[in-house]
Amino acid sequence: IEVVQQLLPGDENLVPYINQKPSSMYQIDVSLRIMGVCDHVGLKHIQHMLQKIHYHYKTSFLGPNEVEKVRYAVLKLGQLLANRRNTDNTSQELIPLFLPSPTGYDWHLINSTELVFIDSTRYNSGQFNFVNAPYSLFQIPPDTRPKFNYEHRFRNRPLLSTGFVDTSQSERNYPKEMTEKDICLRLPKQIRPKGMSFCCYEKVVLLNAEDTDSSLSQHMRNLKPLLEQFKQIFPDIVSHYSLPDTQ
């Protein structure tokens with residue numbers, strides 16, 4: 001079990017994998033710091049949590065509660081990476097790193113070096129089948145939390161004094177949304193998933209490619225009118241840059 005001195009608002013989504021030290025242990029704060037207990041959640045805590053969930057669900061898909069915890073952990077990872085400089089120590093803290101990948105409506109965690117991420121808008125609308133591929137797709141699980149108007153719901157409500165977390169504060173401190181690309185580009189290269197554009201290619205497999213809706217076919221359709229225009233002006237270009245006749 002990972003323990004920190006204090007969980008920041010929102011980080012209770014990481015419990016029970018990462019916990020706050022009991023208030024009864026405040027008298028040995030100095031000793032805990034000497035033993036290596038950090039003040040707040042860091043990269044190593046997130047790495048350990050994702051690794052533990054991966055081993056626990058190695059032969060099965062993640063349960064719905066774990067999917068939400070993994071989503072928070074991945075966004076927290078991105079937030080932590082954005083707030084620090086990438087160093088060799090960063091990769092040491094994160095090896096091995098396990099990230100979520102979907103299989104239909106189910107989710108599992110896979111080593112980051114066996115994943116790819118969408119690194120170009122060219123692939124945003126693509127439907128990919130990774131069944132026979134050597135890689136899987138890194139994807140952040142969708143937000144399944146119920147939508148509430150927390151400002152209205154918790155207005156005029158006093159702060160809780162019973163030790164429970166104020167849910168409205170938790171929601172406001174939920175990590176901001178990030179794309180898979182945002183997170184991957186902040187990861188050290190040793191553990192970064194591969195960009196889709198570096199490990200796949202497209203080719204026309206139909207005689208009449210214009211009948212398909214693929215991004216490659218759309219690209220060809222966009223080029224066609226440009227080629228016609230180029231044919232018309234090409235003679236003028238040649239004539240303009242031709243060398244004058246020498247005597």
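# Salt bridges, a pocket and two cis bonds

Let's start with a pair of side chains: Glu228 and Lys231 meet in a salt bridge, with N and O 3.8 Å apart. By salt bridge I mean a side-chain nitrogen of Lys or Arg within 4 Å of a carboxyl oxygen of Asp or Glu. The two residues sit three apart in helix H9 (residues 215-241), so about one helical turn separates them. Glu228 is partly exposed, at 41% relative accessibility, while Lys231 is exposed, at 56%. Here buried stands for under 20% relative accessible area, exposed for over 50%, and partly exposed for anything in between, with a 1.4 Å probe and protein chains only.

A word on what you are looking at. This is a predicted model, in which local features need pLDDT of at least 70 and side-chain atom pairs count only at pLDDT 80 or more, whereas totals for chains, interfaces and linings use all residues. Residues are numbered from 1 along each chain as its sequence is written, and side-chain values use heavy atoms, leaving out hydrogens and water.

Now the overall picture. The protein has nine helices and seven strands; these are DSSP runs, numbered from the N terminus, with helices (H or I) of at least four residues and strands (E) of at least two. Of its 247 residues, 36% count as buried. About 16600 Å² is exposed, and carbon and sulfur atoms supply 54% of that. Those areas come from the Shrake-Rupley method with a 1.4 Å probe, and for residues only the protein chains shown count as cover. Take the contacts, meaning heavy atoms within 4.5 Å, between residues at least 6 apart in sequence: 66% of them join residues at least 24 apart.

Back to the charged side chains. How many salt bridges does a search of the whole structure find? It finds five. One of them joins Asp11 to Lys76, where the closest N and O atoms are 3.2 Å apart. This pair ties together distant parts of the chain: Asp11 is in the loop between strand E1 (2-4) and strand E2 (18-20), Lys76 is in helix H3, and their positions lie 65 residues apart in sequence. Asp11 is buried, at 1% relative accessible area, and Lys76 is buried too, at 6%.

Glu93 and Arg84 form another salt bridge, at 3.1 Å from N to O. Glu93 is buried, with a relative accessible area of 17%, and Arg84 is partly exposed, with 33%. There is also a network of salt bridges that links Arg71, Asp143 and Glu177.

Helix H3 has one more charged residue to show you. Glu66 lies in H3, which covers residues 64-82. What is the nearest side chain of opposite charge to Glu66? That is Lys69, 6.4 Å away, and Glu66 is buried without a salt bridge. For charge, Lys and Arg count as positive, Asp and Glu as negative, and His and the chain ends are not counted. Beyond its neighbours within four places in sequence, Glu66 contacts Tyr17, Ile53 and Tyr57.

Next, the pocket. The largest one has a volume of about 650 Å³. Among its 26 lining residues, Pro102, Phe128, Phe130, Leu137 and Gln139 are the closest to its centre. Strands E3 (98-103), E4 (106-111) and E6 (136-137) and helix H7 (180-184) each supply at least two residues of the lining, and E3 gives the largest share, three residues. On a 1 Å grid over the protein atoms alone, a pocket is an open set of points with protein on both sides within 12 Å along at least five of seven lines, and lining residues have an atom within 4 Å of a point. Grid points are joined across faces, edges and corners, and the volume is the space filled by probe spheres set on them.

Finally, the backbone. Most peptide bonds are trans. The bond from Val15 to Pro16 is cis, with omega near 10°, and Pro16 lies in the loop between E1 and E2. A cis bond also joins Ile95 and Pro96, with omega about -10°; Pro96 is in the loop between helix H4 (88-94) and E3. Leu97 is in the loop between H4 and E3, and is buried at 0% relative accessibility. Leaving out residues up to four places away in sequence, Leu97 touches Leu50, Leu77, Ile110, Asn111, Ser112, Leu187 and Ile191. Thanks for listening!

Note on methods. On a 1 Å grid over the protein atoms alone, a cavity is a set of points where a 1.4 Å probe fits but cannot get out, and a pocket is an open set with protein on both sides within 12 Å along at least five of seven lines; lining residues have an atom within 4 Å of a point.
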